[in-house]
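Visitor: I should like to learn how the features of a structural model are read. Please take me through one case.

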Amino acid sequence: MATSRPTKATAGSRAGQANRADRALAYLESAKNLTGSACALGGLALTFTGLAGAYWPVVVAGLYGAGALIAPPTRPPAPRFPAPASRLDGLRKDFTTLREYLTQVDLPPAATERLDSLRELLDGLLTPGWVSEALAQDPEGIHVLARAVHRDLPESVDTYVRTRWWTRMAPGGQDPEEELVRQLAVLHGELAGLVAGLREAEEIRQQTHTRYLEDRGTESTYGTGTVPGT
């Protein structure tokens, strides 16, 4: 028994009809149509009172068109993106995973000392509280932090482990421990710069509030007619 299958043209025609129906419904609910309809009702009221005369269809259509023109255009909803704080939540989970990895790696004492200092900085920045709230307002700072957790730190440690194996197989060349310590020092300096930038932002905020209080006090003094210093 033969069965009929919808062709691409039929499916496209149905999709086009659905789109046209959606656009028509959207226009009926739009501010332009509602405003134009309200103005057209005003034209009908003029018709019933006899003010529009024989040209009442033109009056009603003109008022509808005028209302549709003055109505504000349809505004599409603005896109909503994840809040910066949600990125920090993901980074905290990733940092936990990174810490579990680092505990399984045997590092030399000099590198371990550097790594511990680096983890303290990361802990301080990612711990929920006012510090992480300040960091959430700094997209570039979040980028630096994410890069350190997702790529720089694990790659430095993993490269050291692989290079150390080759060094044992073929002694000589550059010391992989020294290279790892240099990398960790650079990462520590980068994160320390991030902390310094956040601290500077808070200092500027404090100074701005001080100036605001001083200016407000000066205006209050002059407003009461009192001369400062008397």
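Guide: The dialogue below moves from the overall fold to one helix, then to single residues and a pocket. This is a predicted model, in which local features need pLDDT of at least 70, side-chain atom pairs count only at pLDDT 80 or more, and totals for chains, interfaces and linings use all residues. Residues are numbered from 1 along each chain as its sequence is written, and side-chain values use heavy atoms, with hydrogens and water left out.

Visitor: How many helices and strands are there in the protein?

Guide: Helices (H or I, at least four residues) and strands (E, at least two) are DSSP runs, numbered from the N terminus. Here the protein has eight helices and zero strands, and the order from the N terminus is α-α-α-α-α-α-α-α.

Visitor: What share of the 230 residues is buried?

Guide: Buried means under 20% relative accessible area, exposed over 50%, and partly exposed in between, with a 1.4 Å probe and protein chains only. Of the 230 residues, 23% are buried. As for contacts (heavy atoms within 4.5 Å), 75% of those between residues at least 6 apart in sequence join residues at least 24 apart.

Visitor: How is the length of helix H5 to be checked, and what span should its 18 residues have?

Guide: The expected span of a helix is 1.5 Å times one less than its number of residues. For the 18 residues of H5 this gives 26 Å, and the end C-alpha atoms are 25 Å apart, which agrees.

Visitor: Which residues of H5 are buried, and which are exposed?

Guide: An α-helix has 3.6 residues a turn, so residues three or four places apart point the same way. In H5 the buried residues are Ala111, Leu115, Leu118, Arg119, Leu121, Leu122, Leu125 and Leu126. Seen down the axis of H5, these buried residues fall within an arc of 160° (taken from the directions from the helix axis to the C-beta atoms), so they line one face of the helix. Pro109, Glu113 and Glu120, on the other side of H5, are exposed.

Visitor: Why does Arg119 count as buried, and what does Arg119 contact?

Guide: Arg119 is buried because its relative accessible area is 17%. Apart from neighbours within four places in sequence, Arg119 is in contact with Phe95 and Leu102. Pro109, also placed in H5, counts as exposed because its relative accessibility is 66%. The C-alpha atoms of Pro109 and Val181 are 10.0 Å apart, with these positions 72 residues apart along the chain.

Visitor: Are Arg164 and Trp166 buried or exposed?

Guide: Arg164, in helix H7, counts as buried at 18% relative accessibility. Setting aside neighbours within four places in sequence, Arg164 contacts Asp106 and Pro176. Trp166 lies in H7 (residues 139-169) and is exposed, with a relative accessible area of 58%. Its C-alpha atom is 9.9 Å from that of Pro176, 10 residues away in sequence.

Visitor: Which residues line the largest pocket?

Guide: Rolling a probe the size of a water molecule over the atoms shows where empty space is left. On a 1 Å grid over the protein atoms alone, with a 1.4 Å probe, a pocket is an open set of points with protein on both sides within 12 Å along at least five of seven lines, and lining residues have an atom within 4 Å of a point. The lining consists of Glu120, Leu121, Gly124, Leu125, Trp130, Val131, Ala134, Val195, Leu198, Arg199 and Glu202. Helices H5 (109-126), H6 (130-136) and H8 (176-223) each supply at least two lining residues.
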